[in-house]
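Visitor: I have just opened my first protein model and would like to learn how to read it. Could you take me through it step by step?

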Amino acid sequence: MPLARALPQIAERVVAGGGRLLIVAESSDQRSEIDRLLWTYAADSFLAHGLRGAGDDKRQPILIAPDVDAANGARFIAIVDGQWRDDALDFDRAFHFFDDERIREARGSWKGLTDRDGVERRYWKQNDAGRWEQAA
């Protein structure tokens, strides 16, 4: 499933559960794309959010930022540019999205978390029917 479909689903669940989400992407172009996506991903709804520094960051249920700075008090983080950041371990749950170009790097990050205290690793992937299933 492309990021454009998976990220709004996760964001909806986080916000519906009363949580806040920090979305991290280093590239300003990617942050702009995510901003547009969250306003337009469905014809009948949108996800309230903001770009860090564009308004009152503390009030945003979803904040899009270039780095791991949860000015909105988020306890959930979605890293969407494929670059793992160890600061994500300070959150209750981290979602690490990566594409085929970053799979080797993602595997290295995954292995690096093996012996970390307090870290529960889970890896989800889609099956042939498009359903998510836990792979590890």
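Visitor: In what pattern do the helices and strands follow one another along the sequence?

Guide: Start at the beginning of the chain and write down each element as you meet it. Here the pattern reads α-β-α-β-β-β-β-α-β-β, which comes to three helices and seven strands. Keep in mind that this is a predicted model.

Visitor: How do I read the sheet? What is the order of its strands?

Guide: Walk across the sheet from one side to the other and note the number of each strand. In this open sheet of five strands the order is 2-3-1-4-5, and the pairing is parallel. Strand 2 (50-51) and strand 5 (93-96) are the edge strands, each pairing on one side only.

Visitor: How many bridges join strand 4 to strand 5?

Guide: Four bridges join strand 5 to strand 4, residues 76-79, and the two run parallel. To see one of the partners, find Ile 79: its bridge partner in strand 5 is His 96.

Visitor: And the helices? Which strands does helix 1 lie across?

Guide: Look at what a helix touches, then at its direction. Helix 1 (residues 3-16) lies across strand 1 (21-24), strand 3 (62-65), strand 4 and strand 5, and runs at about 155 degrees to strand 1. Helix 2 (residues 28-40) also packs on the sheet, where it touches strand 1, strand 2 and strand 3. The direction of helix 2 makes about 160 degrees with that of strand 3.

Visitor: How far apart should the ends of helix 2 be?

Guide: You can work with a rise of 1.5 Å a residue: the 13 residues of helix 2 should span 18 Å, and its end C-alpha atoms are indeed 18 Å apart. Helix 1 can be checked in the same way. Its 14 residues should span 20 Å, which agrees with the 20 Å between its end C-alpha atoms.

Visitor: Which residues of helix 2 are buried?

Guide: They are Gln 30, Arg 31, Ile 34, Asp 35, Leu 37 and Leu 38. Seen down the helix axis, the buried residues of helix 2 fall within an arc of 165 degrees, so they line one face. Asp 29 and Thr 40, on the other side of helix 2, are exposed. The buried residues pack against helix 1, strand 1, strand 2 and strand 3.

Visitor: Why does Gln 30 count as buried?

Guide: Compare its relative accessible area with the cut-off. Gln 30 has a value of 18%, and buried means under 20%, so Gln 30 counts as buried. Leaving aside neighbours within four places in sequence, Gln 30 is in contact with Leu 3, Ala 25, Val 80 and Asp 81.

Visitor: Is Arg 116 buried or partly exposed?

Guide: Arg 116 is partly exposed, at 34% relative accessible area. You will find Arg 116 in the loop between helix 3 (103-112) and strand 6 (124-126). Beyond its neighbours within four places in sequence, Arg 116 is in contact with Asp 86 and Leu 89. Arg 116 and Leu 89 are 27 residues apart along the chain, and their C-alpha atoms are separated by 9.7 Å.

Visitor: What about helix 1: which of its residues are buried, and what covers them?

Guide: Ala 6, Leu 7, Pro 8, Ile 10, Ala 11 and Val 14 are buried in helix 1. Their cover includes strand 1, helix 2, strand 3, strand 4, strand 5 and strand 7 (132-134). Over the whole chain of 136 residues, 33% count as buried.

Key. Residues numbered from 1 in each chain as written. Predicted model: local features only at pLDDT ≥ 70, side-chain atom pairs only at ≥ 80, totals over all residues. Heavy atoms only, no water. Buried < 20%, exposed > 50% of the residue type's maximum accessible area, 1.4 Å probe, protein only. Pairing = 2+ DSSP bridges. Contact = heavy atoms within 4.5 Å. Axes fitted to C-alpha atoms, helices over the stretch in contact; angles between N-to-C directions. Expected span 1.5 Å × (residues − 1). Arc of directions from axis to C-beta.
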